[in-house]
Amino acid sequence: MSEALPFFRYHPDPLATGMIEPFEGECPCCAQVRGYRYTSIPFAEDEWPDLCPWCIADGSAHERLEAEFTDSHGVGGGSWAPLPDEVRQVIVTRTPGFSGWQQERWWTHCSDGAAFLGRAGAEELAQYPEFAQMLREQLTLPEGEWVRFAQTLNRAGSPTAYLFQCLHCGAYGGYTDAD
Ligand SMILES: [Zn+2]
Ligand SMILES: [Zn+2]
């Protein structure tokens with residue numbers, strides 16, 4: 001039996017997004033078998049696979065291994081909401097990242113980081129019309145082109161969309177990229 005995962009405000013269901021998975025091996029940071037691992041390799045001087053989510057959540061992977069999980073330049077920026085530096089630090093150093101085709105970007109809204117909900121394809125987009133509208137405006141595509149592009153979005157392939165939800169107003173947002 002594994003204990004409940006630590007809670008990540010900006011990545012609330014990392015099992016669903018595939019960024020945390022069950023694992024029976026040892027964490028390289030705490031040297032314990034915790035039952036789960038981070039499925040990606042953080043940015044650090046050395047490679048540290050198989051980090052347990054507790055070492056991410058309590059900051060020890062960042063303190064001991066200098067691990068970062070999202071590039072700080074990818075958090076917010078551009079036309080997205082500015083956010084306090086403390087929030088950027090939590091996302092960069094104590095939150096599981098995700099794997100994009102290009103450098104990952106973390107959507108921000110209402111002066112805060114948003115919660116990453118996972119990758120989205122054409123099917124998921126149909127369930128989140130507000131997100132589809134946001135992407136269309138961001139890409140400034142005319143209606144016909146947008147419809148054709150949206151149909152090519154693939155949750156497991158390329159191009160794909162990255163879906164976030166604002167923790168304050170509930171708005172959906174994010175971006176798309178491709179290989
Ligand atoms: Zn650990
Ligand atoms: Zn908001």
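Here are some questions and answers about the sheet and the core of this predicted model.

Local features here need pLDDT of at least 70, side-chain atom pairs count only at pLDDT 80 or more, and totals for chains, interfaces and linings use all residues. Residues are numbered from 1 along each chain as its sequence is written, with chains lettered from A and ligands numbered from 1 in the order in which they are written.

Me: What is the strand order in the open sheet of 3 strands?
Reply: Strands are DSSP E runs of at least two residues, and helices are H or I runs of at least four, numbered from the N terminus. Two strands pair if DSSP finds at least two bridges between them. Here the pairing is antiparallel, and β5 and β7 are the edges, each pairing on one side only. So the order, resting on that pairing rule, reads β5-β6-β7.

Me: Which residue in β6 is the bridge partner of Phe116?
Reply: β5 and β6 run antiparallel to each other over 5 bridges. Phe116's partner in β6 is Phe164.

Me: Which strand gives the most to the largest nonpolar core?
Reply: A nonpolar core is a set of buried Ala, Val, Leu, Ile, Met, Phe, Trp, Tyr and Cys residues joined through C-beta atoms within 7 Å; buried means 20 or more other C-beta atoms within 10 Å of the residue's own, with C-beta atoms placed from the backbone. This core has 37 residues, and Leu163 and Phe164 are among those with the most contacts inside it. Elements supplying at least two residues each include α5 (129-139) and β7 (172-177). With 4 residues, the top giver is β6.

Note on methods
A residue is buried if 20 or more other C-beta atoms lie within 10 Å of its own, exposed if 12 or fewer, and partly exposed in between; C-beta atoms are placed from the backbone.
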